[in-house]
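Visitor: I would like to test the labels on this model. Please show it, and give me the reasoning behind each term.

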Amino acid sequence: MAKGKGKGKGEKGPTKPESMSEELWALFNNPADLIQNLRGTCVFNTINCTISKSQAALYLWQHAATAVAKRDEIVQLGAVPQAMGAFKSVEDHERAPCVGLLHCLSACEASREQLTNTKAVPPHPPIALVNMLWETLITNSTATEVGVIGTLCNLSEDADTRPSVNKAILNDPVRIVNALHTSLSAQARADAALMMKRCCTPLGPDTTTADNIKRKLIDVGAVETCIHIFEKNCTDCTSAVKAYTVLAIEHTAGFLHKLLFLPEAKERAIAAGCVEVLSKLISNKYVLPSELTLTAKAFAAGCLCMLTVPKGFQNEMMDSISQYVRMLPANGGPPSNVASTPPPPMSDDPLLASLGAPSSPGEKGGMDAFGGIPAMEATEESSKIVASVAKDLEEQVKLVANAGAIPALVGLCKGPGGAEEEGGKKKKKKGKEPPLPPGMAEAQASAAGCLRHLSLFEENRKVIVAAGGVPIFAKLLESKQRETRLHAQGTLLNLGADNASYDPMIAAKVPEHITVLSSPTRMMKQIRDAAAAQAAKAEG
C-alpha cells in the first residue's frame, strides 16, 4: 500500500489507492472482517463475503508484515486456523498469499502451537499443516515455496513444534534436500538449511532422533548439496535482498557442520572436494553480492576442523598425539616408545611453577600445561592407537594445508583489534574493550581448533609462523572463551617444538612455561638449571 499522512499529527499511515472503492478500503482496514472473508462463506460469518480467500489473505499479510503488534492482533483475532483452511481449500495459483500469511504469522510464538494442532476448527476439518506444506514443496511457484519453507523453518524453532518437522524429514528427506539444491530463491535456501540445522540438533540428552535425521539427509545427498551451495554461491537464485545469498551460505555451513559429526558425512565431504571449497570460502576467493559474515566463516572453519579429525579420535588423545609427533625423528624413522616415555611434568611441579605456569586447572581459565585435557594412560596398546590415529590425522590435515587454508585461518584468529603493534609492544587498552563483532568469538574458536591440529606437523608450523600466528595466539591466551584459550595454548605448544619458533614466541611474550614445555630439550635444560640453582642455594 502507498504511504501517506494519517490522522495523527506527524504520523504516517496507508493511503487509499485511487482504484480502490470506499467499501473495499473500509474492508481492508478491518482485520476482523478480513478474517471472515478468509474463512469463506459459511453459517459462522456475520457478514457477507465480498472478496476471495486469497485476496483476504493478501490484505491480512500486508497488515501483519507492517508491525509486530499488528501481527499479534491478527493472531488473537483467530486468523491462524482460517489461514490454514484457506491454504488447503484454494487453487494452487492462489496459495502464495495464503502461505505468505502463514509464514508471517508463524513468526509469532503464540501461533506456532495452533499451526501444529490437528483438531478441527469450524468450518474446517482437522488439518495436518506440516504434511500439507511438505507435499507442496517444489511443486508450486517460487513465492509459494518461500512461504512454505519459511513456515516450516519457524516451526522448527520451538521444542514443542519441531517434532512435527522432524517426523516429516524422516518420512521424506528428499523433498527438503531438493528444495535446498534447486530452489530459485536464496531466501528459501537459507530457511531450508536453517530448518535442517535445527532438526539435526538434539532436543535433549537423547541424540537418537537427531542422528537418524542426519543419516537420512546424508543418504539423499545433503552433504553434496551443501558443497553445491558453496560452489554456486546461489548465483542461480533470484532475490530482492542480496543478503539472503550470504545468509544461505551461512546457514548451509552451519547445517554441514552438524552433519560432519557423523563419520559417513566426513567421508562423503572429503570425496566431494569439500576441503578445497571451504578453504576458498574463508579465503574470500568467491565473488559474493556482499561480504561473508563472520558467523558463516566460523561455521566453515568449524567444518574444516571437523574434517581434520580422523575416525577413532578422542579429545584425550590430543596431548598423546602431540607428544608422539614431537618424538618422530627428522629422518622419518620410527619414534621412541611412547609408552615408556614419561609425560612432561604438570604445572604443579615446584620447578615449573617458578616459570609462571598455572598452579592448577582452575586457574587462568582452567588450563593445564597441555591444553586442559589429560593425556591417555601410556600403555603399549594406547601407543599403537595413538600412532594409527596420528597417521590418519596427518593425511587429513594435509588436505587442509594443501588447499591453502592456513593464512585465512590465522586471519580469522586475529580478531578486529589485531595482535600487536610493530616492535612487539601490545596496544594500550583505553577503557573497557568493546565486545567482539557477532560471530568473531566462534570464528576464533573454530579457526584456532583447526590450526591446533595443523600445527602438529612441522611443515604446517612454518606456514603458521610465517602468517604471523605466534603473536595472535599469544593474545588469544587472554580470550574470554575457554575453548579458544585451550586451542591457543595447544597450538603454541606445538609451534614451540620447532627451534625456529622460539624467537618469535619470546618476541610475542608467550608465557615462559609454554616456551619451555613445548620443547623437551628446553624443558629438561630448565629443570636441570632450576635444580642446580636450588642446590647451590642450599649449599650457600
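Guide: Accessible areas here come from the Shrake-Rupley method with a 1.4 Å probe. On that basis the protein chain of this predicted model has an accessible surface of about 25,600 Å². Carbon and sulfur atoms hold 53% of that surface.

Visitor: Why is the pair Trp25 and Phe28 called stacked?
Guide: The ring centres are 5.5 Å apart, and a pair needs them within 6.5 Å. The planes of Trp25 and Phe28 meet at 10 degrees; under 30 counts as stacked, so the label holds. Both residues lie in helix 1, three residues apart, about one turn of the helix.

Visitor: What makes Phe28 and Tyr59 edge-to-face?
Guide: Their planes stand at 80 degrees, and the cut-off is over 60, so the pair is edge-to-face. The centres are 5.2 Å apart. Phe28 lies in helix 1 and Tyr59 in helix 3, so the pair ties together parts that are 31 residues apart in sequence.

Visitor: Why does Trp25 count as buried?
Guide: Its relative accessibility is 15%, and buried means under 20%, so Trp25 qualifies. Phe28, at 3%, is buried too.

Visitor: How do you know that Cys450 has no bond to Cys305?
Guide: The two sulfurs are 5.4 Å apart, whereas a disulfide needs them within 2.5 Å, so this is too far for a bond. Cys450 is also buried, at 0% relative accessibility.

Visitor: How many disulfides are there by this rule?
Guide: The count is zero. Cys200, for one, is in none: the nearest cysteine sulfur, in Cys199, is 7.1 Å away.

Technical notes
Residues numbered from 1 in each chain as written. Predicted model: local features only at pLDDT ≥ 70, side-chain atom pairs only at ≥ 80, totals over all residues. Heavy atoms only, no water. Buried < 20%, exposed > 50% of the residue type's maximum accessible area, 1.4 Å probe, protein only. Phe/Tyr/Trp six-rings, centres within 6.5 Å; stacked < 30°, edge-to-face > 60°. Helix = DSSP H or I, 4+ residues; strand = E, 2+ residues; numbered from the N terminus.
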